[in-house]
Amino acid sequence: MAERDPVWPVLAKPSNPHDSAPLHVSGLARYADDLPEPAAMLHLAFGQSSHAHARITAVDLSAVRAAPGVVAVYTAADIPGANDVSPVAGDDRLLADGEVLFVGQPIFLVAATSQRAARQAARLGKIDYDPLPAHLTVGQARAAASLIEPTQHMARGDADAALDAAPLRLTGGFDMGGQDHFYLEGQVAVATPGEDGQMHVLSSTQHPSEVQHLVAHMLHLSSADVTVEVRRMGGAFGGKETQAALFAAAAALVAHKTGRPAKFRCDRDDDMVMTGKRHDFRVDYEAGFDTEGHVLALKLRLASRCGATVDLSPAINDRAMFHADNCYYLPDITIASERLKTHMVSATAFRGFGGPQGMLAIERIMDDVAAHLGVDPLRVRIANLYGPGRDVTPYGMTITDNIAPQLIARLRADARYDARREAIAAFNAANPVLKKGIALTPVRFGISFTTTHLNQAGALVHVYADGSIQINHGGTEMGQGLYIKVAQVVADVFAVPVGQVRITATRTDKVPNTSATAASSGADLNGMAAYNAAMTIRERLTAFAARSFGREEGAVHFTPHGVQIGPDRIDFGTLARKAHMGRISLSSTGYYATPDIAYDRATHKGRPFYYFAYGAAVAEVAIDTLTGEHKVLAVDILHDVGKSLNPVIDIGQIEGGFLQGQGWLTTEELVWDDKGRLLTHSPATYKIPTASDRPRHLSIRLWDGENVQPTINRSKAVGEPPFMLANSVFSALNQAIAATAPDKRTLPALDAPATPERILRAIASHRAA
């Protein structure tokens with residue numbers, strides 16, 4: 001057989017919509033909470049901590065047990081195996097045992113005949129506490145030396161010496177807030193006990209295998225005894241990578257103890273209180289530069305509030321360090337990354353996984369340098385881009401696919417950036433109340449799990465005797481279009497319509513030991529695994545057809561019109577039937593592991609990424625200097641997805657990612673009080689972007705290139721990189737605020753999210769500077 005090539009001519013076809021699109025718009029798509037409930041089903045709720053940090057001195061659950069509809073109440077003592085729902089460190093408890101670490105931490109679990117009965121009963125628990133000191137802020141955690149792990153350092157050259165030698169220097173800092181995932185479908189799991197102690201868990205999770213293993217350990221079962229299934233999620237954005245395990249384990253515990261099906265559908269307020277957010281960051285920097293805007297030296301300190309437990313914070317903060325250069329060559333640099341342990345719900349994975357925080361930091365620095373020089377920030381950005389002889393990252397990876405200069409140049413021309421900047425300057429000179437700003441910012445995002453062993457995937461493909469095809473793989477569908485992309489891959493291998501491929505739910509009993517659908521690698525990993533499975537079957541069919549018709553294997557071709565075997569042609573279904581009668585296996589597994597990646601975390605050196613995805617955005621904004629309100633007027637995006645597997649799906653992901661990033665930087669404000677209680681825990685107090693926040697002019701175009709690496713069809717990941725295109729909005733807001741005192745050569749003191757209050761404060765401080 002010839003060596004397999006994952007690049008092949010994708011069949012000409014209409015743009016395939018999301019596989020569940022008709023079900024979504026008709027309301028027929030089934031999620032975990034939509035399945036019929038048996039009469040015996042129990043509904044669950046947690047009794048939660050009211051303290052950020054305290055010892056539990058007494059627990060009285062008599063009123064809970066006596067409440068109407070309550071069937072059972074459980075504490076940590078009732079867990080048969082490990083009281084652990086953590087991804088790595090073993091420090092996340094299903095139910096608190098002796099100590100609470102954040103407000104909202106589960107202490108006991110109620111099983112009742114209805115969700116309302118369970119939630120009402122959970123509020124009747126009487127818990128006595130002995131309060132302990134709580135670290136809630138960056139300052140408090142620093143003062144107590146409260147860290148989840150030692151501060152990490154990444155460096156190249158001698159930043160101190162380069163700072164001393166630099167012609168110009170500046171210092172600065174700012175804060176960026178966290179973000180709630182606000183998935184439309186909240187956390188939910190349904191556990192059904194099987195025979196001989198087995199357990200089936202229907203979970204809204206991005207990581208079925210992790211849920212499987214944690215549930216098995218919690219119930220003191222083997223992983224083979226637990227099956228986790230996911231057909232679709234109503235959004236996840238990283239919030240169901242680790243956090244779904246808590247609710248799945250709770251449902252499984254009740255099902256195991258009672259022998260009855262159990263469902264945990266979390267109320268929105270409880271969901272927001274009990275689940276982790278994007279890490280909020282404090283950024284401080286000292287930069288040295290020259291009169292042309294070249295950054296010659298940089299000392300950067302990133303400090304994040306990680307919450308009460310480890311969760312995925314080490315890897316998330318590592319990725320913030322990886323992306324603190326974005327598209328820019330920084331010759332002498334030190335990055336210090338503090339991972340602060342605070343008594344709050346643990347921060348967790350969120351679209352971009354630390355990348356947005358690191359990238360926003362360096363974009364802020366580019367704006368600051370430009371402000372001090374009194375020049376267009378785009379000039380500074382272009383001056384610092386990676387290029388020939390300037391192509392090695394601070395972590396030692398050589399960039400071989402740099403298209404940022406060409407992509408920026410094209411967007412600058414297509415979006416008429418220079419002419420619009422001149423028009424905005426004239427507008428600002430003539431308008432004392434309304435001010436406009438415009439910015440062009442690039443994105444370079446590394447693709448791969450930075451934990452190397454996670455870069456693997458499996459798939460299972462069946463061809464039935466009638467020619468229909470079934471595909472299963474380890475990736476999960478959360479609305480991003482992964483299922484339809486992988487189905488297209490399989491359809492194109494056999495040259496059949498995509499409608500001939502039946503997509504099935506992700507199940508741990510079909511494809512084992514899978515990685516989370518995260519790191520933007522879902523299509524890369526699972527698409528290639530499915531390709532390999534399908535190719536194994538195609539090779540068997542090719543050999544069979546050649547033998548049957550007395551031809552060479554090179555004479556067998558799979559085409560949209562049927563399988564051509566020399567001068568003969570038969571349809572695919574006929575060949576499948578003949579192969580079955582000829583005792584040819586029409587089923588195969590497929591496997592893929594990303595090649596050529598390795599990373600030494602101890603030294604923070606290596607090649608953690610297989611390739612980079614690029615993009616750039618121009619954002620134009622207006623602010624009202626009297627109210628602090630703003631409007632995003634126009635956005636032009638040019639984004640690199642390689643040779644797209646599905647342009648319609650990819651453009652949808654770009655638009656959604658950009659708007660979610662815009663929300664993070666402008667409206668989505670998380671507020672805790674001084675007791676560690678989340679105050680913004682409902683749609684009434686937490687503002688995600690809506691249709692009215694979408695700019696009236698939003699142009700999205702795909703870069704006309706392909707991946708230099710042999711990914712599936714030379715495509716590139718699209719899930720996370722577009723999120724950071726919204727940095728252009730934050731930079732444009734800074735330009736609009738700066739226009740209120742245009743003679744000042746300082747960058748406005750604006751923190752994210754840029755709420756009206758923060759914009760007003762930034763205007764006042766900028767005018768007074």
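**Exercise 1.** Which residue just after H7 takes a positive phi? Describe helix H7 as well.

*Solution.* The model is predicted: local features require pLDDT of at least 70 and side-chain atom pairs pLDDT 80 or more, while totals for chains, interfaces and linings use all residues. Residues are numbered from 1 along each chain as its sequence is written, and side-chain values use heavy atoms, with hydrogens and water left out.

Step 1. Helices (H or I, at least four residues) and strands (E, at least two) are DSSP runs numbered from the N terminus. H7 covers residues 244-258, and Gly259, just after H7, has a positive phi of about 75°.

Step 2. The expected span of a helix is 1.5 Å times one less than its number of residues. For the 15 residues of H7 this gives 21 Å, and the distance from first to last C-alpha is close to that, at 22 Å.

Step 3. Buried means under 20% relative accessible area, exposed over 50%, and partly exposed in between (1.4 Å probe, protein chains only). In H7, 12 of the 15 residues are buried, so the helix is largely enclosed by the rest of the structure. Among them are Phe247, Leu253 and Val254.

**Exercise 2.** Apply the span and burial tests to helix H17 (residues 647-666).

*Solution.* Step 1. The 20 residues of H17 should span 28 Å, and the end C-alpha atoms are 28 Å apart, which agrees.

Step 2. Because 14 of the 20 residues are buried, H17 is largely enclosed by the rest of the structure.

**Exercise 3.** Identify the residues that touch the most other members of the largest nonpolar core.

*Solution.* Step 1. A nonpolar core is a set of buried Ala, Val, Leu, Ile, Met, Phe, Trp, Tyr and Cys residues joined through side-chain atoms within 4.5 Å.

Step 2. The largest core has 153 residues, and Leu298, Leu300 and Phe494 touch the most other members. Helix H15 (residues 522-549) supplies the largest share, 14 residues.

Step 3. Contact means heavy atoms within 4.5 Å. Beyond its neighbours within four places in sequence, Leu298 is in contact with residues including Ala159, Tyr285, Leu330 and Ile365.

Step 4. A second, separate core of 39 residues includes Phe46, Leu94, Leu253 and Cys266.

**Exercise 4.** State how many disulfides the whole structure contains, and the burial of Cys266 and Cys327.

*Solution.* Step 1. A disulfide is a pair of cysteine sulfur atoms within 2.5 Å; the search finds zero.

Step 2. Cys266 is buried at a relative accessible area of 8%, and Cys327 is buried at 2%.
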